[in-house]
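User: Could you take a close look at one part of this model with me? I'd like a connected walk through it, please.
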Amino acid sequence: MIMALKEKLEDILMTVAEKIDDNRYLQAIKNAFTAYMPFIIVGSFGTLFSALISSPKTGLAQWIPALESLSGAFSAINFATMTFMTVPIVFLIAMQLARSNKTPEHLTGIVAALAYISVVPQSLTAVVGEETKKIGAVSATALGAQGLFIGMLMAIIVAELFRVLIKIEAIKIKMPPSVPAGIATSFNTLIPILIIVLGTAIFGNVFKTVTGQYLNEFIYAIVQTPLEIALKSPLGILALVIAGQIFWFLGIHGGLVITPLRNPLFVTALAANIAAVEVGKVPHEAFTMSFWMNFIVPGGAGVTLSLLIAIFLFSKREEHRMIAKLGLLPGICSINEPVVFGLPLVLNPTFAIPFIFNSAIGAGIALFATKIGFLVPNVVEVPFGVPIIISPFISHGWQGVVIQLLIFFVCTLCWIPFVLVSNKEAEKKEATVA
């Protein structure tokens, strides 16, 4: 009965993973955020440079006042990469879909970006002297993290609409064969582009007239905000972590499966933290990429570096000790595939419980440390692959190092009983063979 339920659950989860992996919209979102991640890291370092160099309170500008003039440059880096992020991400998602649709990639990306801009406010009200004037400008809320949800939706809709329109021969402007291919493509796509941009602009204008809100403001209020609140809550984070680990247990890269849900949350959280620091406030969003790397999957998903420590201390199985030696150096850089597939941990009932739940334990410890004020949310993202200890120190300071070491200690204790059970299993097997 138990085996039948286990197999049924495995089948369901495998089906879910396959559906997610085959969904080209989720794949496009995942690939777009992956492509943009270096720019997010660069943007966070702009804030770090500002604090270390140009700030008159915490930076070198305390002793070299001329360095304070560089603050504008560091703010510009942050604006270009973080505050402006929605537009390039819309472009990248549309490009990814165009690749699978076999339509012009760059044109699709540009059309999607223009369509998005056409439905958000293009002017701001400002008081100039004693007059109130409208100034042509796009608000930071539309360009930044608050526009991500509607931006992703617009990218998908526009890419699919462009795919349909570009195949309609009747609306193509035919050019002679002697015309270069690039120019011919521009004329062939002119009317589809006109239809899309005109249609989205009219729709956005009508929506604003009817509801009194721009489309991005409306969607943010009723969809993006509640979704973020739910997934960024402690229960939401733990559910996301455990779901990812269950997929890992089944031999599926759990991080990739949940990336479409997870990465937009990381981006909005980091943007909120940086915005808070920019106005002199304390960052308050814990759930960032560095939080995930340093406290949820340090040493690899399932905190498998702790398993290697437990194996070195207590395992009597030579094959496990050999794999632990091979996996130690990658594990220090949070790469655990040698252990996951070499030990293996995939579909291994002996190690299933700690493998599935240790990352959630790490998340719980770090969230508690944040709640009591010991661990301050980060404003600097650290690239994947930076070794343990160094990574949390860069992103969260010495407090991050303390919490990471605590997580390793607790998770090692969790792995030890299962390593001992594994020893007994090996002894029984040897006795049976003898």
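Where does Ile 173 lie?

Analyst: Happy to help! This is a predicted model, in which local features need pLDDT of at least 70 and side-chain atom pairs count only at pLDDT 80 or more, while totals for chains, interfaces and linings use all residues. Residues are numbered from 1 along each chain as its sequence is written, and side-chain values use heavy atoms, with hydrogens and water left out.

Ile 173 sits in the loop between helix 7 (148-165) and helix 8; helices are DSSP runs of H or I with at least four residues, numbered from the N terminus. With a relative accessible area of 30%, Ile 173 is partly exposed, a class between buried (under 20%) and exposed (over 50%), using a 1.4 Å probe and protein chains only.

Ile 173 also belongs to a nonpolar surface patch of about 850 Å², whose other members include Met 175, Phe 187 and Leu 198. Such a patch joins nonpolar side chains (Val, Leu, Ile, Met, Phe, Trp, Tyr) within 5 Å, from residues with over 30% relative accessible area and no salt bridge; a salt bridge is a side-chain nitrogen of Lys or Arg within 4 Å of a carboxyl oxygen of Asp or Glu. The areas come from the Shrake-Rupley method with a 1.4 Å probe.

Which elements build the patch? Helix 8 (181-188) and helix 9 (190-211) each give two or more residues. Helix 9 supplies the largest share, six residues.

Conventions: Patches are made of residues with over 30% relative accessible area and no salt bridge: like charges are joined within 9 Å, nonpolar side chains (Val, Leu, Ile, Met, Phe, Trp, Tyr) within 5 Å.
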